[in-house]
Amino acid sequence: MMKRLFAVFALLLCLAVAGGISAQDAQSALIVATQLDDVITLDPGRAFETTNLVVHHATYETLLEIRPDDLVTIQPLLATGYTVSEDGLTYTFALNPDARFASGSPVTSEDVRFSWTRLKNIKGNPSFYADAVAAIETPDAQTVVVTLSAATPAFATIVTAPAMSILEKAVVVANGGTDAADADASDLANDWLSQNSAGSGPFVLTGWTPETEITMVRNDNYWRAPAALPAVTLRNVNDATTALQLLERGDVDIYENVDKDLAEQISANGDLKLEMGQTLNLTYLALSPDAATFTTPLSNRQVRQAIAQAVDYDGIIDGLLLGYADRPASPLPIGVQGSDPAQRYERDLDAARALLAEAGYADGFDLTLYIGTGAPGGIPAETLAAKIQADLAEIGITLEINQQPTSNFLTAFRAQELPFLFSTWTPDYLDATMWSDYFSFADGGLSKRIRMDIPEIAAIAQQAAAETDATARTALYQQYQTAHVTEAVFVPLFQPQLLYALRSSVQGFSFHPVYFLEFYTLSKG
Amino acid sequence: MSAASSVGAIRREAPLSRRILKHLRKYPSLWIGLTILVAFLLMTLFADVIAPTDPLAQNLRDRLDAPSAAHPFGADELGRDIYSRVVHGARISLPASFVVVIISVVVGVLLGAVAGFFGGALDAAIMRTADVTLAFPSVVLALAISAFLGPGLTNAIIAASVVLWPEYARLMRSQILVVRAQEYVVAARALGAREASILFRHVLPNAWTPLIVKAALDVGGIILLVSALSFLGLGVQPPTPEWGAMIALGRTKFFQWWLATFPGLAILLVILACNLISEGLRNWLDPHY
Amino acid sequence: MILQFFLRRLLFAIPMMFGISLVLFLLYNIVQVDPLVMIVGERAMDNPEIVAAAVQKWGLDRPVWEQYLTYAGNMLHGDFGSSFLTKRPVLEDLQLFLPATLELALSSLVFAIAIGIPLGVIAGVRAGGLIDRAAWGLSLLNASLPPFWTGLIFLTIFYYFLGIAPGPGRLDPRMAFPPRVTGLVTLDAAFAGDWAAFANALHHLMLPTLILGGFTLALVLRVVRASMIEEMRREYVRTARSKGLPPRAVVVHALRNTLIPLVTLLGLAFAGLLSGAVMTETVFDWPGLGTYLVRAAANLDYPAIQGGTLLIALIYIVTNLIVDFLYGVLDPRVRLA
């Protein structure tokens with residue numbers, strides 16, 4: 001019996017070793033090594049994670065779009081154009097009569113009304129995109145009239161967000177979907193929409209295996225020129241070494257979110273190329289100016305300015321991020337209207353010490369830095385915190401680090417309990433209000449959480465958001481930046497870049513700060 | 001037994017060094033284990049002498065440097081000296097696990113004694129709580145508890161103690177039940193000795209052998225548990241040099257193998273020492289084993 | 001009688017489960033974690049309608065004791081609530097993640113038995129010999145290795161430097177998963193006749209099995225060795241040997257007597273494997289219960305922590321039950337009381 005057991009075991013072992021060697025034929029589908037563990041649904045009405053964006057951009061379309069090569073201009077997509085009423089409350093979209101869903105049916109105004117109403121009524125995590133929408137009318141099949149509850153100059157930009165994608169009503173309804181007022185309970189399309197798509201995009205979703213892969217095939221009914229790639233597969237690869245090996249062997253074509261320590265090795269490999277995506281994500285230090293509730297010296301502006309001049313930005317960006325990051329001066333990232341890096345703080349320990357002395361803290365003080373888990377820009381939060389701790393120690397500030405699970409950290413942040421922290425802000429759409437709405441007001445956004453009540457900043461933000469003239473708006477955002485730099489409540493640490501490693505046969509790479517990769521324009525030589 | 005004691009009687013006259021040597025040959029695992037553990041204890045006491053580099057000092061120019069003369073164990077992402085962090089890390093892991101074991105022994109022995117001595121509803125309540133706690137695999141329960149309590153060394157110590165005490169309670173209770181039934185205790189009680197004094201005079205001396213063997217074994221297990229919690233991000237707060245947390249930072253970096261290797265070796269050595277000691281103690285104190 | 005035994009023990013298990021769930025629930029509420037941010041996402045927290053809908057849907061507005069009673073009541077129907085993070089029913093999640101853990105635990109068990117018994121026999125028959133001492137050292141080392149570290153080191157050596165082991169995960173990312181039947185990739189691949197995937201899955205099991213199974217191996221070895229030594233001292237063995245009976249027969253006989261302690265041990269070991277999987281899975285990116293629990297813990301996903309922990313506790317209890325039962329079958333002296 002023992003002998004037989006051994007024989008079986010030996011056989012299994014041989015099989016196991018052989019399995020590691022056997023190769024597989026190259027396929028013409030594009031395979032992307034990425035991380036899929038954030039995906040919890042692929043229903044555009046419910047998903048509010050990161051990976052779903054690239055899938056939704058490939059399988060669905062929005063009325064308007066912002067192309068990766070020009071992040072300022074809003075361009076037509078399913079709509080040929082739109083008009084805004086004088087009071088800014090009514091948007092009228094004219095749909096493109098050629099637009100077709102993957103099923104072959106035309107995209108109609110009813111589909112638009114259904115999609116947006118469903119998004120709103122599901123009361124899911126992305127439902128806030130439709131917050132401004134008060135009513136949707138469909139005078140004819142090609143016209144959509146949207147009435148907003150309040151003037152929202154950013155609405156056209158919001159319409160370009162993947163969450164505002166247009167779903168084919170007939171298909172969604174046939175699979176349990178509804179846009180009824182009680183859709184949060186009665187809509188049952190989640191499971192179906194997580195495995196299939198009902199959109200007009202260049203690809204069709206064919207399946208999602210949690211933690212493993214997402215598969216899409218080309219939409220052969222696509223109403224514009226069909227995509228070059230016959231199929232796209234997103235594979236879950238958590239480990240950087242594995243991802244690189246797969247890429248080197250040609251088992252995958254793109255490796256997303258490259259470990260920065262591997263960049264050099266990739267650049268040196270003739271079969272591979274390294275592409276960079278400049279995100280509009282912002283990792284910032286927040287210093288509460290509040291003196292009523294918090295009792296930290298941070299309420300003194302000079303102390304905040306001193307800290308802003310004590311942080312070793314170059315050390316963080318060149319040393320920890322290996323240079324793969326930019327740094328704006330204020331919460332407005334580089335690339336956004338009015339943002340100008342020339343005004344940013346640089347490290348100047350003498351100036352910082354002088355400011356501290358002037359503020360009456362020549363001997364420094366004790367402070368707690370609150371952080372969540374995770375790795376902003378690829379640096380573990382605890383590593384970044386330790387770096388800042390060492391930097392501030394040089395001007396006599398003794399920092400204690402308090403790290404909590406991110407959900408706890410966010411809860412405390414929201415409850416206005418944390419006077420000093422760092423966190424990351426990622427845009428949902430590309431309008432300057434995506435930042436100025438959140439970093440300005442005492443009664444909302446991140447500024448509320450940090451108990452910032454600075455009327456000057458709030459006033460400029462309000463004025464800029466309502467300004468429709470582009471030049472005047474840019475000028476206002478410049479003022480906005482200057483005010484922020486002076487106050488030093490939100491001090492940007494870095495604006496990271498995402499690295500992509502590609503097989504050199506892959507052509508047509510582009511990067512978009514909201515949805516990242518676009519498969520439509522990609523091809524494989 | 002009788003042969004062994006007569007051998008001991010003859011050797012009693014031998015010089016101390018010879019006796020120690022003899023003992024060492026008889027229980028090598030105990031001595032090897034003790035030597036390693038004492039070495040680590042000395043390391044915690046003289047960390048500043050053995051590793052004069054500040055374990056928190058950063059030098060980005062040395063970022064992720066491989067082991068070299070300047071950094072014998074290499075440097076981490078902030079250019080901190082890993083050798084120094086490993087040495088100073090002993091100051092976190094060792095005391096923490098001693099504290100856990102002490103808390104667990106005290107709580108477990110008290111509760112177990114109370115349960116065994118008074119019986120009835122109190123016994124049932126204590127032992128059912130112990131049963132429920134023991135129904136969890138320890139890592140899972142500690143994970144759940146420290147998740148709810150939040151990260152921090154104190155919370156990790158609490159979580160580990162909650163996991164550990166029931167075993168001591170059980171051990172203590174069973175010892176009490178055995179001793180209580182023994183004739184001399186029954187006699188003592190009949191003679192009017194107070195229950196508590198019986199407990200301390202008769203039960204504890206009998207119980208301490210298994211307790212100590214178990215505690216020695218547990219120190220290793222607790223080091224593992226606390227470092228596991230830190231590895232999962234539920235232990236110490238940064239930038240404390242804790243072994244599990246250091247391994248976690250090297251997790252995704254195979255190409256910088258030194259990040260995880262050295263703190264792991266430290267954990268391995270300490271646990272090995274505890275296992276050797278416990279094995280040796282068992283052989284020494286319980287020759288029937 | 002057997003049925004009675006099972007029923008009685010199961011009845012005992014039920015209050016145990018409720019006890020466990022109550023402990024976790026109390027802990028959770030003592031700490032006062034607000035799960036809302038995790039449920040609706042950071043951005044949607046500013047929308048009172050979404051927040052209100054979530055509060056109502058997840059019953060967060062009701063008093064704590066009512067929340068627990070609802071949870072406990074649902075538990076009786078096999079409903080463990082939904083995960084805050086994945087929004088899926090916890091039971092569905094567990095079905096998704098459990099097979100990976102089972103596969104790893106089973107393969108570790110097979111490994112431990114296949115290597116541990118022969119080694120134990122040799123070590124026992126030739127107690128004090130080279131193999132015996134080597135086995136002792138190995139088992140001591142095994143008991144001292146932190147699994148999350150050993151996993152990393154093995155990956156670094158065998159995967160990164162030598163390239164003879166596959167990287168983390170259950171299957172090479174370039175391979176397609178076989179259609180899911182049992183959730184055990186090796187079995188599913190065999191059912192589908194996909195031998196390349198079968199071999200690859202086995203290859204991926206190699207390192208985690210070595211690490212997770214190593215500990216159990218040490219235990220098996222000790223028990224088998226001890227009973228072999230004991231058996232060898234018995235009168236009948238000496239007689240048998242003196243009569244020239246082949247040693248094979250002696251070993252088989254001795255092994256039969258090892259069965260009882262071995263069954264007890266394997267029951268305990270299986271439960272140990274489940275908890276050991278928590279650490280091993282994290283290192284090997286193994287999408288099992290451990291990975292699920294660790295992620296839930298990091299996100300304070302209370303229903304997931306509760307459900308996952310309860311499942312492991314249940315498996316633990318049931319395994320003990322089966323062990324006790326087998327004990328009775330194997331040893332007629334033990335009555336099923």
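**Exercise 1. Two domains in chain C**

In this predicted model, the C-alpha centres of domain 1 and domain 2 of chain C lie 32 Å apart. Describe how domain 1 of chain C and domain 2 of chain C meet.

*Solution.*

Step 1. Place the domains. The domain assignment puts domain 1 of chain C at 2–62 and domain 2 at 94–336.

Step 2. Count the residues in contact. Domain 1 of chain C brings 15 residues, and domain 2 of chain C brings 14.

Step 3. Take the area. About 1,600 Å² is buried between domain 1 and domain 2 of chain C. Carbon and sulfur atoms account for 84% of that area.

Step 4. Look for charged and polar links. Between domain 1 and domain 2 of chain C there are 0 salt bridges. There is 1 residue pair in polar contact, with both residues at pLDDT 80 or more.

Step 5. Find the main contributor. On the side of domain 1 of chain C that touches domain 2, α1(C) gives the most, with 13 residues.

Step 6. Sort that side by class. It has 13 nonpolar, 1 polar and 1 charged residues.

**Exercise 2. Chain C against chain B**

Work out the extent and make-up of the interface between chain C and chain B.

*Solution.*

Step 1. Start with the contacts. They involve 43 residues of chain C and 39 residues of chain B.

Step 2. Choose a size for the interface. The accessible area lost when the parts come together is often used. For chain C and chain B, the buried area is about 3,700 Å². Carbon and sulfur atoms give 83% of it.

Step 3. Ask which three residues supply more than any others of the area that chain C buries against chain B. They are Phe148(C), Trp149(C) and Leu152(C), with 17% of that area.

Step 4. Check the salt bridges. The count between chain C and chain B is 1. Arg222(C) pairs with Glu279(B) in a salt bridge. Their closest N and O atoms are 3.1 Å apart.

Step 5. Add the polar contacts. The interface has 6 such residue pairs, with both residues of a pair at pLDDT 80 or more.

Step 6. Name the helices. Those of chain C that each supply at least two residues to the side touching chain B include α1 (2–31), α6 (130–144), α7 (147–161) and α11 (247–284). Two others on the list are α12 (289–298) and α13 (302–330). On this side, α7(C) gives the most, with 10 residues.

Step 7. Sort by class. The side of chain C that touches chain B has 35 nonpolar, 6 polar and 2 charged residues.

**Exercise 3. Unusual backbone angles**

Most residues other than glycine have a negative phi, and most peptide bonds are trans. Locate Glu211(A), Arg451(A) and Pro239(B), and describe the backbone at each place.

*Solution.*

Step 1. Take Glu211(A). Its phi is positive, about 65°, although Glu211(A) is not a glycine. Glu211(A) sits in the loop between β8 (203–209) and β9 (213–218) of chain A.

Step 2. Is Glu211(A) buried or partly exposed? The cut-off for buried is under 20% relative accessible area. Glu211(A) has 17%, so it counts as buried.

Step 3. Move to Arg451(A). Its phi is also positive, near 60°. Arg451(A) lies in the loop between α16 (445–449) and α17 (455–466) of chain A. At 23% relative accessible area, Arg451(A) is partly exposed.

Step 4. Turn to chain B. The peptide bond from Pro238(B) to Pro239(B) is cis, with omega near 0°. Pro239(B) belongs to the loop between α10 (195–231) and α11 (243–249) of chain B.

How values were computed
Residues numbered from 1 in each chain as written. Chains lettered and ligands numbered in written order. Predicted model: local features only at pLDDT ≥ 70, side-chain atom pairs only at ≥ 80, totals over all residues. Heavy atoms only, no water. Contact = heavy atoms within 4.5 Å. Buried area = accessible area lost by both parts, 1.4 Å probe. Salt bridge = Lys/Arg side-chain N within 4 Å of Asp/Glu carboxyl O. Polar contact = N/O pair within 3.5 Å; in protein donor to acceptor, adjacent residues only side chain to side chain. Helix = DSSP H or I, 4+ residues; strand = E, 2+ residues; numbered from the N terminus. Nonpolar A, V, L, I, M, F, W, Y, C, P; charged D, E, K, R; others polar. Buried < 20%, exposed > 50% of the residue type's maximum accessible area, 1.4 Å probe, protein only. Domains from an automatic or database assignment.
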